[in-house]
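User: Hi! Could you take a close look at one part of this model for me, the middle strand of the sheet and whatever packs around it?

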Amino acid sequence: KTISRHQIERLFPHDVYERGSNSFMKKEYWIKLQSQKEEWFAEVYGTEPYYVDIGLNELQRGKVKAYCECPAFDTYQTCKHIVAVL
């Protein structure tokens, strides 16, 4: 699966997208990615390692089903780690 920056930007609140995109561009994270047919699994290493799981089944509809084990995701159901992986 491929996803454009524009598609990613539309999936997240502006501040979350900016933080994740900036972190990715600055290479603040090391990402170990595994992909299967419609799902990506990643370990994101920054100040702490976090597990990220992204389902892409509904990508064509402008949706992804994602999970991250970081505290921000626990609170807001979204985070910069998911943006960085995408």
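Analyst: Happy to help; here is a walk along strand β3 and then out to its surroundings.

A word on the ground rules before we start. This is a predicted model, so local features need pLDDT of at least 70 and side-chain atom pairs count only at pLDDT 80 or more, while totals for chains, interfaces and linings use all residues. Residues are numbered from 1 along each chain as its sequence is written, and side-chain values use heavy atoms, with hydrogens and water left out.

Strand β3 covers residues 49-55. Helices and strands here are DSSP runs, numbered from the N terminus, with at least four residues (H or I) for a helix and at least two (E) for a strand. Five of the seven residues of β3 are buried, so the strand is largely enclosed by the rest of the structure. "Buried" stands for under 20% relative accessible area, "exposed" for over 50%, and "partly exposed" for what lies in between, using a 1.4 Å probe and protein chains only.

β3 has a partner in β2 (residues 39-45), and the two run antiparallel, joined by seven bridges. Strands are called paired if DSSP finds at least two bridges between them. Three residues separate β2 and β3, which form a hairpin. Within that pairing, Ile54 of β3 has Trp40 opposite. β3 also pairs with β4 (residues 65-68), again in the antiparallel sense, over four bridges. There, Gly55 is matched with Lys65 as its bridge partner. As general background, side chains in a regular strand alternate between the two faces of the sheet.

Gly55 also gives us a link to β1 (residues 30-36), the strand that holds Ser35. The C-alpha atoms of Ser35 and Gly55 are separated by 10.0 Å, with their positions 20 residues apart along the chain. Ser35 itself is exposed, at 53% relative accessibility.

Now for a residue you may want to look at in β3: Asp53. Asp53 is buried yet has no salt bridge, and Lys65, the nearest side chain of opposite charge, is 8.3 Å away. For charge, Lys and Arg count as positive and Asp and Glu as negative, with His and the chain ends not counted; a salt bridge needs a side-chain nitrogen of Lys or Arg within 4 Å of a carboxyl oxygen of Asp or Glu. Not counting residues up to four places away in sequence, Asp53 touches Glu39, Trp40, Phe41, Lys65, Ala66 and Tyr67. Contact means heavy atoms within 4.5 Å.

The structure does hold one salt bridge. Glu58 and Arg61 form it, with their closest N and O atoms 4.0 Å apart. Glu58 is partly exposed at 36% relative accessible area, whereas Arg61 is exposed at 67%.

Tyr67, one of the residues that Asp53 touches, leads on to the aromatic side chains. The structure holds one aromatic pair. Tyr67 and Phe73 make it up, edge-to-face, at 5.5 Å centre to centre and 80 degrees between the planes. Rings of Phe, Tyr and Trp (its six-membered ring) pair if their centres lie within 6.5 Å; planes under 30 degrees apart are stacked, over 60 edge-to-face, and the rest tilted. Tyr67 is partly exposed at 40% relative accessibility, but Phe73 is buried at 8%.

Next come His81 and the cysteines. His81 lies in helix α4 and is buried, at 7% relative accessibility. Beyond its neighbours within four places in sequence, His81 is in contact with Tyr29, Val44, Tyr50, Val52, Cys68 and Cys70. Cys70 sits in the loop between β4 and α3 and is buried at 2% relative accessibility. Contacts of Cys70, with the same neighbours left aside, are Tyr50, Cys79 and His81.

What about disulfides? The count is zero, where a disulfide is a pair of cysteine sulfur atoms within 2.5 Å. Cys68 is in none, and the nearest cysteine sulfur, that of Cys79, is 3.7 Å away. Both are out of the way of solvent by the definition above: Cys68 is buried at 1% relative accessible area, and Cys79 is buried at 3%.

One last stop is Gln77, in the loop between α3 (71-76) and α4 (80-85). Gln77 is not a glycine, yet has a positive phi of about 65 degrees. Most residues other than glycine have a negative phi. Gln77 is exposed, with a relative accessible area of 54%.
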